[in-house]
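Welcome to this short tour. Please take a look at the sequence and the 3D view, then read on with both at hand.

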Amino acid sequence: MSMNQKSDVVFFNGKIFTSNPEQPYASAMLVREGRIAWIGEQAEAENVEGERVDLKGRRVLPGFIDAHLHPLYLADAEKQIACTFPLVNSIEDIVAEVRKQRDIHGADAWVRGWGYDEGKMTEGRAPTRWDLDKAAPDAPVIITRTCGHIAVANSRALELAGITKDTPSPAGGKIDRDANGEPTGVLRESAKDLVQKMMPAQTLDENAAMLAELSPKLFAHGITGITDLMGRTEPINYLDMYNAAVEKGLKQRTVLYYLWEDLEKNPQMTTEEKCSTNQIHIGGVKLFADGSVSGQTAWVDPPFLGEEENDGISTTSEKELLDAAEFAERHQIQLVVHAMGEQAIDQIINTFYGQKGWIADAPSIRIEHAAMPTKQAIQRAAEMGVGFVPQPIFLFAEIESYLNNLGAERTKTTYPVKTMLEAGIKVAFSSDAPATAWADPVNPFVGLKAAVTRTAYNGTDTGQNQRVDVATAIELYTRAAQEITRIPDVGQLKPGYHADFIVLDQDILAIVPETIDQITVEETYMGGQLVYKK
């Protein structure tokens, strides 16, 4: 080890899990100028000079990287009614919460909620405009479903959006109607945008402040690397918004993925904007090939249970995929496609099968969610080097709608993580927060527990043969997430890498997996600096 420097810090007496397969465990590390200069066993560090920090025998992991996240929506969700377990268990509860908000803010303010899942409602159905009208006949109300692909609006909100009996469903969306042809208030996919664009827009500054406020909450969960999978160029450019958030205190290393519909209209992108050593940078272009399992809009084969005709919604075309891929290749960024159902995944795989990737050190194409890949799709994805980014929390938190829409046996075959890994596919874990039916959707320990036990929150078996061990699950939230997001020098604790690490209150590798979700983060470090302490 070279001469010591003033900035040297020796962390010792730790149970360090490095996520580095060549040196998985260590008990001490030397941090110099924000990076790991050396890592190994404590005995070798006895005479190393520098400030000494005792890890007190606690378990240390690399900082988590959430490879598929919606930080702005997550920050915004904290300001809305959480229409999900444990706060809300019925439509009646939603009505009561909406009424409270309406009484506080008056008739002119929009009342917003997120996270309802009809599978969890005691009434066993989704709310309608008429339910919401009981709570707020005069104020506009919009409640987004857990999946983020469906929303329900009350009569006042429909009126502001100009939606009547005669309004046709927009392309790529659907306005639900009752037997008399009246809109029920339920708006699917692009139809929900008709109402959403009537809401007062947040300013860049308000959004940046919300993101900065989210930063410590993410650190409390051990998350040091984040992504935004819904980057927009207008009305606010997300790069500008995130850079403003950094000024206000956002500290996480961040990759933005811009929607193709925006980039198609504004195709400029500078080298600087894509520079991955910048805290905020652009990493890819994003499209949607279908909707969600829980909302019955995923493009599936066979069709949804009891819905012989309904195989979901296809939301892209081969031409659009090829155009977006050409743009991604020109800019050396990833093509990132949301696909859940068998047909949606096949569409992407078959469109690009036999073509060469354009990024040397990572997947050129990522499939987000990848809930129901066929055997052939898995084999081809492995051959093509396509990355898969599933969310273990989905089966855990949304089990009711999976059982309703797919049945018990098919549910167990979804998100076949073990099979993906055995085939040699690069896989990263993530949360998709807040697009899931859980009150604390971004918590990585819930996702880790779900992946390791393959059991839902209510005890339902979600497919034991797809379990992964704890060490593998951690690697999929750290090293593998780095390999897919391409944030440089993170995801492992090894020489030359940033000293981004977390200290846990319990040893995740020793406790029974069923209690992993009770673990909390005691300290979070970024670049060797303490950024969070419980």
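## Strand β22 and its neighbours

Strand β22 covers residues 521–526, and 5 of its 6 residues are buried, so the strand is mostly covered. This is a predicted model, so please read every feature here as part of a prediction.

Strand β22 has a partner in strand β21 (residues 501–504), with 4 bridges between them and an antiparallel course. If you would like a landmark for this pairing, look for Phe501, which stands opposite Tyr525 in β22. Another 4 bridges link β22 to strand β23 (residues 529–533), and these two also run antiparallel. Here Thr524 faces Tyr532 of β23 from the opposite position. The hairpin of β22 and β23 has 2 residues between its strands, and Gly527 takes a positive phi near 55° there.

## An open sheet of six strands

Let us move to another part of the model. Here 6 strands make up an open sheet with mixed pairing, in the order β9-β10-β11-β12-β14-β13. At its edges are β9 (81–82) and β13 (173–177), each of which pairs on one side only.

Within this sheet, strand β11 (residues 141–145) and strand β12 (residues 150–153) are antiparallel and joined by 3 bridges. Thr144 is positioned opposite Ala151 of β12. Helix α2 (residues 91–105) lies across β9, β10 (111–116) and β11, and runs at about 155° to β10.

## A buried arginine

Which strand holds Arg366? Arg366 has its place in strand β19, made of residues 365–369. With a relative accessible area of 0%, Arg366 is buried, because anything under 20% counts as buried.

The side chain of Arg366 makes a polar contact with that of Tyr257, at 2.8 Å. Leaving aside residues up to four places away in sequence, Arg366 touches a whole list of residues, including Ala67, Leu229, Gln334, Gly387, Val389 and Ile484.

## Charged pairs

Side chains of opposite charge can pair when their charged atoms come close. The count of salt bridges in this model comes to 36. One of them is formed by Glu182 and Arg129, whose closest N and O atoms are 3.9 Å apart. Glu182 sits in the loop between β13 and β14 (183–189), while Arg129 belongs to helix α3 (residues 129–135), so this pair ties together parts that are 53 residues apart in sequence. Glu182 is partly exposed at 30% relative accessibility, whereas Arg129 is buried at 14%.

Helix α3 also holds a salt bridge of its own, which we can look at next. Asp131 pairs with Lys134, again with the closest N and O atoms 3.9 Å apart. These two are 3 residues apart in the helix, so about one helical turn separates them. Is each partner buried or exposed? Asp131 is buried, with a relative accessible area of 6%, but Lys134 is exposed, with 56%.

## One more pair and a network

In helix α14 (residues 408–412), Lys412 and Glu409 are 3 residues apart, so about one helical turn lies between them. Their side chains meet in a salt bridge of 3.4 Å, N to O. Lys412 counts as partly exposed at 23% relative accessibility, and Glu409 is exposed at 56% relative accessible area. Elsewhere, salt bridges with shared partners bring Arg58, Glu522, Glu523 and Lys533 together in one network.

Technical notes. Residues are numbered from 1 along each chain as its sequence is written. This is a predicted model: local features need pLDDT of at least 70, side-chain atom pairs count only at pLDDT 80 or more; totals for chains, interfaces and linings use all residues. Side-chain values use heavy atoms; hydrogens and water are left out. Two strands pair if DSSP finds at least two bridges between them. Contact means heavy atoms within 4.5 Å. Axes are lines fitted to C-alpha atoms, for helices over the stretch in contact, and angles run from 0 to 180 degrees between N-to-C directions. Buried means under 20% relative accessible area, exposed over 50%, partly exposed in between (1.4 Å probe, protein chains only). A polar contact is a pair of N or O atoms within 3.5 Å; within protein, one must be able to donate a hydrogen and the other to accept it, and residues adjacent in sequence count only if both atoms are side-chain atoms. A salt bridge is a side-chain nitrogen of Lys or Arg within 4 Å of a carboxyl oxygen of Asp or Glu.
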